[in-house]
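Please look through the structure shown here, moving from one helix to the interior and then out to the surface.

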Amino acid sequence: MKKLKIILAALLGMGLNYSQAQTPKGSVLIKNATVLTVTKGNLENSDVLVQDGIIKQVGQNLKAPSGVETIDGTGKFLMPGIIDAHSHVALDVVNEASAPIVAEVRMKDVVNPFEIGLYRALAGGVTISHAMHGSANVVGGQNATLKHRWGSTDPADIIMQDAPRTIKFALGENPTRVHGRGNNIQPRTRMGVEAVLRNGFSEALQYKKAWAGYNSAKGQKGNTTSPPVYNDRLKTLADILDGKIIIHCHSYRADEIYMLINVAKDFGITKLVFQHTNEGFKVAPEIAEYTMGASVFADWWAYKMEVYYSTAFNAAILQRNGVITSINSDSAELIRHLYHEAAKTQRYGGLTDDEALSMITINPAKQLGIDDKVGSIEVGKQADLVIFEGHPLSSYAVPQMTFVDGVKYFDIKADQDDQRQFVSATEMVEPIFLHAEDDHQCLQDVDAYFEAFQGAFFEEIL
């Protein structure tokens with residue numbers, strides 16, 4: 001029996017290795033481009049050699065090894081793949097709206113590699129997206145960091161397996177509307193949101209204590225203590241407290257941003273990123289000191305009352321105060337031209353080219369905990385790259401080719417005539433309901449939930 005277990009374990013290990021080996025890794029030499037490294041300055045008429053998905057050399061007059069394709073980048077710009085720190089692309093479901101805390105659910109379980117949005121994002125130079133749970137819950141589900149390997153049929157192939165775990169939190173109107181008004185349970189107010197957070201973390205501390213006591217006692221002679229009942233929700237909250245998961249929190253108002261900073265400080269949490277962060281400019285020094293940064297819209301606000309007050313200078317103010325700042329989409333449309341969104345920080349705030357490009361490359365990489373792997377053109381990093389016709393911060397820029405791990409997944413010259421007309425099997429062609437947040441997707445699927453289970457509430461919010 002023992003021998004059989006060993007054989008089965010070996011076969012399982014071989015299967016895992018085989019699965020990992022199937023992720024495509026490419027080799028290519030891109031020559032004579034203007035290389036925008038983001039972190040190491042700009043290199044004129046330079047080459048980048050990629051082998052087996054990794055950047056091996058950056059310089060001039062590089063030679064392609066045997067069998068490696070050479071691409072002429074003369075007159076073009078080469079930059080790191082764009083990273084969207086807040087997206088819902090390739091997700092068949094976004095919100096588990098049934099409770100204020102649903103930390104046990106995982107977006108990786110609903111990833112759809114056939115989603116046409118992946119290809120459209122590649123056409124805009126986006127190689128990585130942070131596929132997030134929605135904002136219906138104070139503590140939402142665990143997110144998934146995706147590599148846009150379009151054409152893969154296995155969901156696991158588009159998940160960036162070496163990315164740290166992240167989770168979605170939400171403050172303000174969305175969770176209070178869904179749970180307070182919708183189900184008449186806490187939270188109904190912003191005070192209730194804080195209470196849900198503090199009560200949840202306090203319960204997680206007790207859960208940790210119970211398991212620590214059990215593990216300490218189980219080795220003692222004569223011990224008959226039973227283990228605590230396993231709870232995936234509390235275990236996930238405990239992992240947040242232990243620094244194993246990065247919080248990404250939907251937020252708008254300065255008061256609630258500062259509230260969560262204080263909650264995090266009280267529980268010893270340091271891995272925290274704010275999303276949207278429209279009033280972040282009011283508390284920029286505090287965000288810089290206590291968190292991993294803020295991921296913001298370039299110029300979206302005033303689509304509902306709690307986000308009425310903001311400024312297009314928000315990103316630049318955060319940047320000047322030392323906040324790690326990124327520009328995100330939260331939109332299946334906006335994700336296609338994040339380079340335009342980054343350019344707006346030059347019109348509103350006068351940021352340099354490197355500062356603006358950082359907001360869609362190395363800064364979101366830092367917020368996702370993957371900056372040692374992607375986000376800049378450096379030897380040893382994964383070869384997620386985009387070739388542009390025109391400088392990417394120009395309004396006339398057009399992405400030409402997009403590479404993930406050295407594999408070309410988009411080529412404008414090989415683009416099928418009708419490719420962009422394809423639609424997702426789950427996408428509504430014509431919207432049935434009109435809401436204030438149609439342009440982005442944080443409350444996606446909530447209407448269907450209340451239509452099915454909370455008819456009276458659904459009529460109220462319409």
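**From helix H7 to core and surface**

In this predicted model, helix H7 is followed by Gly 268, whose phi is positive, near 70°. The helix itself comprises 13 residues, 254–266, and because a rise of 1.5 Å a residue gives an expected span of 18 Å, the 18 Å between its end C-alpha atoms agrees with that expectation.

The buried residues of H7 are Ala 254, Glu 256, Ile 257, Met 259, Leu 260, Ile 261, Val 263 and Ala 264. What covers these buried residues includes two helices, H5 (190–217) and H8 (284–290), together with the strands E11 (245–251) and E12 (272–276).

The largest nonpolar core has 76 residues, and those with the most contacts inside it are Val 139, Phe 169, Leu 197, Phe 201, Leu 237, Ile 240 and Ile 360. H7 supplies the largest share of this core, namely seven residues. Ile 360, when its neighbours within four places in sequence are left aside, is in contact with Met 79, Gly 81, Ile 82, Ile 83, Ile 327, Leu 338, Tyr 339 and Ala 342. A second core, separate from this one, has 15 residues, among them Val 50, Leu 78, Leu 385 and Ile 387.

On the surface, Met 305, Tyr 308 and Tyr 309 form a nonpolar patch whose accessible area together is about 420 Å². Tyr 309 lies in the loop between strand E13 (294–296) and helix H9 (314–320). Its relative accessible area is 45%, and Tyr 309 is therefore classed as partly exposed, a class that falls between buried, under 20%, and exposed, over 50%.

Methods: Residues numbered from 1 in each chain as written. Predicted model: local features only at pLDDT ≥ 70, side-chain atom pairs only at ≥ 80, totals over all residues. Heavy atoms only, no water. Helix = DSSP H or I, 4+ residues; strand = E, 2+ residues; numbered from the N terminus. Expected span 1.5 Å × (residues − 1). Buried < 20%, exposed > 50% of the residue type's maximum accessible area, 1.4 Å probe, protein only. Contact = heavy atoms within 4.5 Å. Patch = residues over 30% accessible without salt bridge, like charges linked within 9 Å, V, L, I, M, F, W, Y side chains within 5 Å. Areas by Shrake-Rupley, 256 points an atom, 1.4 Å probe, with all protein chains shown as cover. Salt bridge = Lys/Arg side-chain N within 4 Å of Asp/Glu carboxyl O. Core = buried A, V, L, I, M, F, W, Y, C linked by side-chain atoms within 4.5 Å.
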